[in-house]
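User: Hey, can we go through the charged pairs and the core of this one? Pull it up first, please.
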Amino acid sequence: MLEQRIQQHFIDSADLKYQSAQTLSKPIAQGVQAMLACVTSGGKVLACGNGGSAADAQHFSAEFVGRFERERPELGAIALTTDSSILTAIGNDYDFTRIFSKQVRALGQAGDVLLALSTSGNSANVLAAIEAAHEREMTVVALTGRGGGKMAALLRETDVHICVPHERTARIQEVHILVLHCLCDGVDAQLLGDQETST
């Protein structure tokens, strides 16, 4: 019984990825172009999210600054989820909803990209970060699910919305990590050429 349940997780995850490939390929490609324009002009990506999405923001930033699969020059990325002193100071002195927006205002510049992750699209601190990014004339690449929630209405035409067509958090997060890998690979392919990578 347990093994069948586990197998069903694999099947459901694979099915969603297969079904999402055509729907999400265009906005992912737009996200690649936004990030490419940013880093080739000396900009950086600021990434934020809560819980599993915080881990994904850090995962993305590590692969941008270090490398994804191929050697290349370092690319600018900062996960806004990692500095416990900043997070606790802002959370304590102001409000938890401002932990990302204050960092965006401090670190973000015109031409930078905000990578905003929220499975529901309703995370108040991520919504505030998007508003701050718009104030700084940054482009937003938003990863959501469940129809995009409040984030969908907040995004501008110049932003990129990658919305996983599913309701379940675990499935959405599984596709988000694939999307992040596609973004990293796409930027690398544009910078280094469309070379096959070893599996």
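Analyst: A salt bridge here is a side-chain nitrogen of Lys or Arg within 4 Å of a carboxyl oxygen of Asp or Glu. Note that this is a predicted model, where local features need pLDDT of at least 70, side-chain atom pairs count only at pLDDT 80 or more, and totals for chains, interfaces and linings use all residues. Residues are numbered from 1 along each chain as its sequence is written, and side-chain values use heavy atoms, with hydrogens and water left out.
User: OK, how many salt bridges does the structure hold?
Analyst: There are 5. One of them joins Arg72 and Asp188, with the closest N and O atoms 2.6 Å apart.
User: Where do Arg72 and Asp188 sit in the chain?
Analyst: Arg72 is in the loop between α2 and β2 (77-79), and Asp188 is in helix α7, 116 residues apart (helices are DSSP runs of H or I, at least four residues, strands are E runs of at least two, numbered from the N terminus).
User: Are those two buried or exposed?
Analyst: Both Arg72 and Asp188 are buried, meaning under 20% relative accessible area; exposed is over 50% and partly exposed in between (1.4 Å probe, protein chains only).
User: And what does Asp112 pair with?
Analyst: Lys44, at 2.7 Å, N to O. Asp112 is buried at 2%, and Lys44 is buried at 17%.
User: Switching topic, what does Leu115 touch?
Analyst: Its contacts (heavy atoms within 4.5 Å) include Met35, Phe60, Val141 and Leu180, leaving out residues up to four places away in sequence.
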